[in-house]
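This report describes a protein model together with its bound ligand. Please keep the sequence and the structure in view while reading.

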Amino acid sequence: MSHDTSAINKTMDKFDGHHSVWLFGYGSLIYKADFPFIERRPASINGWTRRFWQGSHDHRGTPESPGRVATLIPEEGAVCHGAAYLVTPEEFAHLDHREKNGYLRLAIDIHFDDGGAEEGLVYIATADNAAYLGDAPIEEIARHIAAASGPSGPNTEYLVRLAQSLREMGHHDEHVHAIEDHLARLQPLADG
Ligand code: SIN
């Protein structure tokens, strides 16, 4: 599958005719809501775990030197915490463009921290997209992130802002916070 998923996402018609749709964000969508929304609620989805396994050609890296950003990997029993936004369907034109580097819309049950659940959408970059990087040792992921930069800014900013947001929401994500720790150790080297 090509790394540009915008054309495929446009054909997603599951919520056609709806006045509003819930969108679950687990990566930059948690800390960077550059779209109007009706409501935002802390929420989670079941059976998925956050990993910095997706390459970024257009935001935190370039096609020649991709950054590493978050995607979700299926894992039985896992719970991924994030933020749910209630948006009008018109917002998906912008969102599909923003998430075009490998992410596909997937329908999913979103569980709100304060109770209740709704079916909504999440953007997931699966292993068959051309920008996918996959697993690597945590130290290597941290070194990769420390070196990458793209049109949206340094790759470290993505990681650090996500780690900070999760902390503020009261969640510890072992993978994200382990990369953050390694980055903090690398930083003095980068500064020196
Ligand atoms: C998300 O945040 O939900 C998707 C991945 C990203 O845009 O960082």
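The model is predicted. The account begins with helix H5, which comprises residues 155-168. Its 14 residues, at 1.5 Å a residue, should span 20 Å, and because the C-alpha atoms at its ends are 20 Å apart, the expected and the computed lengths agree. Several residues of H5 are buried: Asn-155, Thr-156, Tyr-158, Leu-159, Leu-162, Ala-163, Ser-165 and Leu-166. Following H5 comes Gly-170, a residue with a positive phi near 85 degrees.

**The ligand and its surroundings**

Tyr-158, one of the buried residues of H5, also belongs to the group of residues around the ligand. The other members of this group are Phe-24, Gly-25, Tyr-26, Gly-27, Ser-28, Leu-29, Glu-99 and Tyr-103. Which parts of the protein place polar atoms at short distances from oxygen atoms of the ligand? The table answers this for Gly-27, Glu-99 and Tyr-158.

| Residue | Protein atom | Distance to a ligand oxygen atom |
|---|---|---|
| Gly-27 | polar backbone atom | 2.8 Å |
| Glu-99 | N or O atom in the side chain | 2.8 Å |
| Tyr-158 | polar side-chain atom | 2.5 Å |

On its own, the ligand has 250 Å² of accessible area, and the protein covers 97% of it. The ligand sits in the largest pocket. Two elements, strand E1 (21-25) and helix H2 (28-31), each give two or more residues to the shell around the ligand.

**Buried residues and partners distant in sequence**

Both of these elements contain a residue that can be examined further. In strand E1 one finds Phe-24, which is also among the residues around the ligand. Is Phe-24 buried or exposed? Its relative accessible area is 0%, and residues under 20% count as buried, so Phe-24 is buried. Although 96 residues separate Phe-24 from Gly-120 in sequence, their C-alpha atoms are 7.2 Å apart in space.

Helix H2 includes Ile-30. With a relative accessible area of 5%, Ile-30 is therefore buried as well. Its C-alpha atom is 8.4 Å from that of Ala-84, a residue 54 positions away in sequence.

A further example comes from strand E2, which covers residues 39-56 and contains Gly-55. Because its relative accessibility is 1%, Gly-55 counts as buried. Between Gly-55 and Tyr-132 the C-alpha to C-alpha distance is 5.3 Å, while the two residues are 77 residues apart in sequence.

In summary, the ligand occupies the largest pocket, and Tyr-158 contributes a polar side-chain atom 2.5 Å from one of the ligand's oxygen atoms.

Definitions and conventions:
Residues are numbered from 1 along each chain as its sequence is written. This is a predicted model: local features need pLDDT of at least 70, side-chain atom pairs count only at pLDDT 80 or more; totals for chains, interfaces and linings use all residues. Side-chain values use heavy atoms; hydrogens and water are left out. Helices (H or I, at least four residues) and strands (E, at least two) are DSSP runs, numbered from the N terminus. The expected span of a helix is 1.5 Å times one less than its number of residues. Buried means under 20% relative accessible area, exposed over 50%, partly exposed in between (1.4 Å probe, protein chains only). A residue is near a molecule or strand if one of its heavy atoms lies within 4 Å of it. A polar contact is a pair of N or O atoms within 3.5 Å; within protein, one must be able to donate a hydrogen and the other to accept it, and residues adjacent in sequence count only if both atoms are side-chain atoms. Accessible areas come from the Shrake-Rupley method with a 1.4 Å probe; for residues, only the protein chains shown count as cover. On a 1 Å grid over the protein atoms alone, a cavity is a set of points where a 1.4 Å probe fits but cannot get out, and a pocket is an open set with protein on both sides within 12 Å along at least five of seven lines; lining residues have an atom within 4 Å of a point. A molecule sits in a cavity or pocket if more than half of its atoms lie within 2 Å of its grid points.
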